Amino acid sequence: MITIQNYRLVDSLEEAWTLNQKRSNRILGGMHWTKMSRNPVNTVIDLSRLGLDQIEESDEAFRIGCMVSLRQLETHPGLAAYTEDAMREALRHIVGVQFRNTATLGGSIYGRYGFSDVLTIFLAMDTSVELYKHGLVPLNEYAQGGFERDVIAHIIVKKSPAHFRYLSVRNSQTDFPVLTCAAGVYAETGSMTSPENDPASPALLQADCQPGYAPAAAVRLCIGARPGRAILLEDANHILKAPLTPDAISRFADYAATQVPTQSNLRGSAQYRSHLVRVLTRRALTQIGGDSPC
């Protein structure tokens, strides 16, 4: 159980950043996983007064405060529409509604937990982390480590023409996942990582959303609970080309199974997880562009 000496409700991100430079201090989120640690904490830093519990949606992006709860993400109509319910699917298995009402996005991203459904789904999107001192950092870069003493202010999700699916395997409902899989298939003129490139009109999402095979210019596949931290796999060998045919999807699923490193733990063996990488990748991409309507 965690031991806390002091509590500070800060009035600015500058105050929070200054306090967080001391290694024995810690930013206060939902505290669900933090409370299980044994390290003594000198001061917990509460950001509740800073108005960072809002989801702002524009035509170009979602700007999500670090204190937004997982339940807010799960029930937000804009995120549900943009991700085609992939966001809701990623979050609905996490413990229970009471838990998701208090667990925060900032804490989930900062923790970069190996079992994180949250990290998996956000890596499949064009996501950046807005840090107080370092500014915007691509989530894939942030997830690799570093920036430990900086403060997450917002998570930015850029709206690019894309289709998303989220799948996971669990031994029981609300348990930690055995494996998670999020796929994002981006349209020909969409932009994934370059902020200077304007995304194509969201109308393209409607134009190609019909039964049959969807066009694919770029694919972001994210696999988590390997049981390590979620990693991003892109189609570097251009296996997937428009249209997304069953043969191309099957070959990319085989490629993913060989490229994503897995390990064994109590929930499953490395061999089983590699098999799941293949199966979930094929299912997700088939749902996006193959046998099912968008």
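**Close-up views of a predicted model**

**View 1. D85, a residue with an unusual entry in its backbone angles.** D85 is partly exposed, since its relative accessible area is 36%. What we're looking at is a predicted model, so please read every view in that light. D85 sits in the loop between helix α3 (77-82) and helix α4 (86-91). What is the sign of phi at D85, which is not a glycine? The phi of D85 is positive, at about 70°.

**View 2. T174, another loop residue with a positive phi.** Now hop over to the loop between strand β9 (162-170) and strand β10 (177-186), where you'll find T174. T174 isn't a glycine, yet its phi is positive, near 70°. Buried, partly exposed or exposed: which word fits T174? T174 counts as partly exposed, because its relative accessibility is 36%.

**View 3. A cis peptide bond at P227.** Look for the loop that links β11 (218-224) to β12, since P227 is part of that loop. Which form does the peptide bond from R226 to P227 take, cis or trans? The bond is cis, and its omega is near 20°.

**View 4. I239 tucked under cover in a loop.** I239 belongs to the loop between strand β12 (231-234) and helix α10 (246-259). Being in a loop doesn't stop I239 from counting as buried, because its relative accessibility is 14% and the cut-off for buried is under 20%. Which residues does I239 touch, if we skip its neighbours within four places in sequence? They are A248, R251, F252 and Y255. You can also pick out A253: it is 14 residues away from I239 along the sequence, and the two C-alpha atoms are 9.9 Å apart in space.

**View 5. Two cysteines, C181 and C222, without a disulfide.** A disulfide is a covalent bond between the sulfur atoms of two cysteines. How many disulfides does this model have? The count is zero. Take C181: the nearest cysteine sulfur is the one in C222, and it lies 8.4 Å away. Seen from the other end, C222 has the sulfur of C181 as its nearest cysteine sulfur, at 8.4 Å. The cut-off for a disulfide is within 2.5 Å, so a pair at 8.4 Å doesn't qualify. C181 is buried, with 0% relative accessible area, and C222 is buried too, at 0%.

**View 6. Strand β3 and its parallel partners.** Strand β3 covers residues 40-46, and five of those seven residues are buried, so this strand is mostly covered. Strand β1 (residues 3-9) runs parallel to β3, and six bridges join the two. One pairing to look for is T3, whose bridge partner in β3 is P40. Strand β2 (residues 26-28) also runs parallel to β3, with three bridges between them. Here you can spot L28 standing opposite D46 of β3.

**View 7. A five-strand open sheet.** Follow the strands in the order β4-β5-β8-β6-β7, and you've walked across an open sheet with antiparallel pairing. Why do β4 (55-57) and β7 (135-138) stand at the edges? Each of them has a single partner strand, so one side of each is left without a neighbour in the sheet. On average, neighbouring strands here are turned by 25° against each other, ignoring direction. Zoom in on β5 (residues 61-65) and β8 (residues 152-158), an antiparallel pair with five bridges. I64 of β5 faces its opposite number, I155, in β8. In a regular strand, side chains alternate between the two faces of the sheet.

**View 8. A low-confidence stretch, and the whole protein around it.** Over residues 189-215 the pLDDT stays under 50, though the model has 52 contacts for this stretch beyond four places in sequence. For the protein as a whole, mean pLDDT is 86, and 86% of residues reach 70 or more. Zooming out, there are 11 helices and 12 strands. The protein has 294 residues, and 51% of them count as buried. Its accessible surface is about 13,300 Å², with 50% belonging to carbon and sulfur atoms. Among contacts with a separation of 6 or more, 66% join residues 24 or more positions apart.

Notes
Residues are numbered from 1 along each chain as its sequence is written. This is a predicted model: local features need pLDDT of at least 70, side-chain atom pairs count only at pLDDT 80 or more; totals for chains, interfaces and linings use all residues. Side-chain values use heavy atoms; hydrogens and water are left out. Buried means under 20% relative accessible area, exposed over 50%, partly exposed in between (1.4 Å probe, protein chains only). pLDDT is the predictor's confidence in each residue, from 0 to 100. Contact means heavy atoms within 4.5 Å. Helices (H or I, at least four residues) and strands (E, at least two) are DSSP runs, numbered from the N terminus. Accessible areas come from the Shrake-Rupley method with a 1.4 Å probe; for residues, only the protein chains shown count as cover. Two strands pair if DSSP finds at least two bridges between them. Axes are lines fitted to C-alpha atoms, for helices over the stretch in contact, and angles run from 0 to 180 degrees between N-to-C directions.
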